[in-house]
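Dear colleague,

Please find the structure below, handed over for your study. A written account of what was found in it follows.

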Amino acid sequence: MSLLDRVRALLGDEAVDVAATPDGVPRVAPASPDAVALLLGTAREEGWRVRIEGAGTWLAADAPADLALTTRRLDKIPAIEPQDLSATAEAGIGCDLLRQHLADRGTWLALDPPGLAGRTLGSIVATATAGPLRQGFGPVRDHLLGVTFVTGDGRLVQSGGRVVKNVAGYDLTRLEAGAFGAFGVIVLIHLRLRALPRADQTLVLEGSREDLTQVAEDIAAAGIQPAAHELMSPALARRERWLLAIRFAGSGALVAAEEAGLRAATGGRFAPLRADEGHSLWMRAAESFAARPVAFRIGGLPDSSDELLDLLQHQVGDEWISASPAIGAIRWGGDATIDRLKRLRRTLAGLEVPLTLERAPWPVRSAVGHFGAYREGVGPLVAGLRRTFDPGEAFVVAAEGAE
Amino acid sequence: MVDTLADIVGPRHVRTALPERLTYAKDGLPTHRRVPGVVVLPGSRDEVIAIVRLLGALGMPFVPRGAGTGLSGGALADGDAVLIVLTRLNRILKIDARNRLAVVEPGVVNVRLSLAAAPHGLQYTPDPSSQTACTIGGNVAENAGGPHCLKYGVTATHVLALEVALADGRVVELGSPGGEPWGPDLVGLFVGSEGNFGVATRITVRLLPIARAVRTLLADFTSLRTAGEAVSAVIASGIVPAALEMMDQSCIRAVEDSVYAAGYPRDAAAVLLAELDGGHEAAVAADAATIEAVLRAHGARSVLVAADAQQRERLWLGRKKAFGAMGRLSRDLVVQDAVVPRSTLPDVLETIARIGAAYGLTVSNVFHAGDGNLHPNISFDGRTPGLRERVEAASAEIMATCIAAGGTITGEHGIGLDKLRYMPLLFDGDSLAAMRAVRHVWDPEERVNPGKVVPVHACREWSGVRSAEWGMRSRGSPVDSALRTPHSALDSEAGVR
C-alpha cells in the first residue's frame, strides 16, 4: 500500500491534498487533534519524515519530507470567554479570522507578528515571532495559557490550561513556543486576551537613525510606557528616512496621558496618525517581512541596540529593520548568504546576543539552523528533549543547522 | 560523605544532629513532615557545584531549599536525602539600571531585591505574600506569584537567564540577559520545575520602573457572590488593575482582631482591595474613578480610596499578613491554592463554603481574585482525632470543584508533595509521562527533589512505538478514580523518619 493509500485509509480521502504541493510532497490535512495523532503514530511506525506546515505564508513549504502535515483544517475556535479574557483556538486558524472573532466579543490578542494577516496561530506560537507589541505586552510565550501538541510518535500531550495562572506540572507550553516544531505539532492553544483597547493611537517621527535612537532613549528615560516603540528602516516604513513609531493602547485616560508625556519629553516632535494610517503602517511593516526571503531576530540589551544596528548594517545591510530599542529586540529581513548569516551569528555570540533564524529557504535554514550551535552543556539537553518528543526523528526541522 | 561535605562548606555548615535537622522538617504547610538525612548550607556557587558533584558521584538524592516558606511540601527531604539550603547565597551580584535587570544568587530574599533597586527607580515586581522571607531561588522553582502579578505577570515573566547546576554537577547557562533564548526556551521550562531539573546558582531577572502614580481602593460587599461578580465586571472593564484581591468575612475578622488591623469593615461579607498604578497621575486617577464606578454599580456597599501612602500601606499590610492573622484562629492552617476562570468565582466560592460547612471546618478565603487564584484556608487543630482526615477530604473536594469549573490545582504554590495525588485529575497518562520523560532529560536518575511534581504511578509508559489507537481510546473522567485512590497526604508523626 502506498503512503497516500495508507493515509486515505486512516483519515479519509478529503485529508489528502496532493495537487497543492509545489514540490510533489503529499500534503495531509488532518481535521482534528486525534487525526494528527493517528497520522504521526503511523508515520513513526512507517519511518516517514514529516514537515509541519500552517498556511504556508511564513516558513516556506520546501523541506524535504515524505509527507507534509498541514494544520489548515484545524481551524476551529472552541471558546472565547470575554469575562475571563481567554480563548481557545486550534492551531490552523488564520490570525485575521481569529482577530475578527475576538474583536466581535470585545477582546484582543496583543500580538502583531511579522508576516501576512492570514498566518496561522500555530505558526506564530511555534516560531515565537512577536512584533512591535512585544514592547508593551511581552513575547509570544506571555500570551499563552496552555497548548496541546502531538509528539513525533503520535501522543497527544496537554500542558497548562485555560486559566491565567497555572503552575501544575512542568511548563511544556513555554518549551513548545519557539521550538519550530522540533518537539511536536501544536494543535490547540489557550490564549490570554486583553480587552479591546478603548483608545489606540500611533505617533511617528522621521529622522536620522542617530537622532531617533537618542529620542528613543529619552522616551524610555521619561518613564513613558508605550504598547509599541519601534524604530523602522526607511524601506520598511516607506519613508525617506528612518521612522520612530510609538503606539499607545488602553483606556482613553491612559492614552491621553501618555501622549501628553510624549509631547513633554520630545518637544512635541511626534506627529499623530489617523487610525487608518496607523493600522496601515503596522500592517505593511509586518507584511514586508513575508516578502523577503530571510528574516531573523536578535535579542540584545537596550544599551547595545545602536551597536547591534551598526553591526547589522556592516555585515548584512540595514534595508529592512524593525527594532524595539527600549528592550533590545531587533528583527532583520532581506537576503543573505549562508556564510554571511553564520559569520553574523558567530559575531553576535561573541557579544552574548542570540540570533534566531525565523524564515529562510530550506537550503539556508538547513545550513544555518534556526538556533545554530547551542551553548556549552545545552546541546545534550535539547538533543534529549528531541529524542523524548520525536524518538523516530519524524519531524524535519532545521533547529541546529549544519555547523 | 558528611566529612567531605564539611570539607567543602566547613563543619559549621553541615547539620547532622536530629534537633538541627528537625528545623528543616516542614515548610509553610503544616501537613507534611520529612526529616532530612543531612542538611548542608553552602556559601557560594562553587560550593553548591562541588556538593552537587559529590552527591552525583555517590548517587545520592538531594533537595534544594530556600527559606522554606513554600506551601506544597516541595522543599522537604527524606532521611536518605541531603537538603541543600541556599539561604547563604544571598548576594545581589549586579543591578543594571540602564538595562533594567539584576543578577542575584538564589538565596536573595525577594523584598531585598526591590529595596536594592529602589534608588534606581526600579523594582522586582513579583511579590508573594511571604516576600519578606522567601528567596528568589525558591520563587524561580515554584514560579511564584503575588498580588501584583495580575498586571505584571508571575515569576516566569521576569526571569531572563539562569545558571544551573544539573544533577550530575555540570553547569549550564540558559537564556540571555535580553530575554531571547539560545534555542528552545529552557529558562521557561526550568522556571516552575520545583527543583526537579537542578539548582539555579545565578538568576538574571527583569526590573520594572516603580509606578509614579498609585490608587488603592477598598470596596466592601454584603455577599460573597456579589463580590465575585464585581471581579468579573472589573476585568471586563478593559482596565487592568495592578492587583485585585479578595478577603471574606472570616479573614477580615481575623485581620481586624490582630495587630495588622487595617480598618476593614467587620460586618462585610467580603472586601475587594484594588490597586491601579501607572506613570501618570491623571490617567491613574481617571482609571481608578472608572473602577470605583464599576464596583459601586456591581454591588459595593462602600468604596474607600486610600488618602495617602500611609493608609495604602495599612490596607496592604492587612492583606499581606492575613495568613499570619489566620494562624491565630487555630493551631494549624492549611493554605490551599487553586485557580478557576474568573467568571466562575461566585459559584465556586459558594461551593467551597458548602464543602466547609459539610465537613464542619472553618474555611477562610483570601486570594488573588483578579487572577481567579483562590486560597481557601482551613483552620484546624491537628491534635483532634479524625480532623486531619476531614481536612484532607475537604481539600480534595475543593480541588475537584475547581477542576470541574475549568480551573487548575495550583496557581502559584506548586505541586510538591501536597498536590501529587490531584495531578491525574488534570493530566492524562501520556501528558504525565511526557513530564516525567522531560525530567529524565535533566535528571535521569530522579535524584533532584525526588518524589515531587509527577505521580509516577499515573504515568503511561513512554518508550516504544505508539499504536494507532487514538481515535478509539476511552476518555473517561479520571476524577472519580483519582479521588478514590488511597493516599496519605497528611503525614502522621509516625510516618516521620
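**Strand β16 of chain A**

In this predicted model, the residues of β16(A) point in two directions: W320(A), S322(A) and S324(A) to one side, I321(A) and A323(A) to the other, and all are buried. In general, side chains in a regular strand alternate between the two faces of the sheet. The strand, residues 320-324, is thus mostly covered, with 5 of its 5 residues buried.

Which strands pair with β16(A)? One is β12(A), residues 228-232, joined to β16(A) in the antiparallel sense over 2 bridges; here L231(A) stands opposite A323(A). Another is β17(A), residues 329-334, which is also antiparallel to β16(A) and pairs with it over 5 bridges. Within this second pairing, S324(A) has A329(A) as its bridge partner. The hairpin of β16(A) and β17(A) has 4 residues between the strands, and G328(A) takes a positive phi near 80° there.

**An open sheet in chain A**

Chain A also holds an open sheet of 5 strands, in the order β4-β5-β9-β7-β8, with antiparallel pairing. Why is one side of β4 and of β8 left without a neighbour in the sheet? Both strands, β4 (79-81) and β8 (156-160), stand at the edges and each has a single partner strand, so one side of each stays free of a neighbour in the sheet. From one strand to the next, the twist averages 15°.

Inside the sheet, β5(A) (residues 86-90) and β9(A) (residues 185-192) run antiparallel and are joined by 5 bridges. S86(A) has R192(A) in β9(A) as its bridge partner. Helix α2(A), residues 33-46, lies across β7, β8 and β9 of chain A and runs at about 40° to β7(A).

**Chain B and its contact with chain A**

The two chains meet through 79 residues of chain B, which are in contact with 71 residues of chain A. On the chain B side, several elements give two or more residues, including β9 (171-175), α9 (224-236) and α11 (281-297). The largest share, 8 residues, comes from α17(B). By type, this side divides into 37 nonpolar, 29 polar and 13 charged residues.

The domain assignment of chain B gives domain 1 (2-85), domain 2 (92-209), domain 3 (213-324) and domain 4 (330-426 + 464-497). The C-alpha centres of domain 1 and domain 3 of chain B lie 41 Å apart.

Finally, the largest nonpolar core has 296 residues, and I84(B) and L272(B) have the most contacts inside it. Among the residues that L272(B) touches are A219(B), L244(B), M246(B) and A369(B).

Yours sincerely

How values were computed
Residues numbered from 1 in each chain as written. Chains lettered and ligands numbered in written order. Predicted model: local features only at pLDDT ≥ 70, side-chain atom pairs only at ≥ 80, totals over all residues. Contact = placed C-beta atoms within 7 Å. Nonpolar A, V, L, I, M, F, W, Y, C, P; charged D, E, K, R; others polar. Buried ≥ 20, exposed ≤ 12 C-beta atoms within 10 Å, placed from the backbone. Pairing = 2+ DSSP bridges. Domains from an automatic or database assignment. Core = buried A, V, L, I, M, F, W, Y, C linked by C-beta atoms within 7 Å. Axes fitted to C-alpha atoms, helices over the stretch in contact; angles between N-to-C directions. Lists of a residue's contacts leave out its neighbours within four places in sequence.
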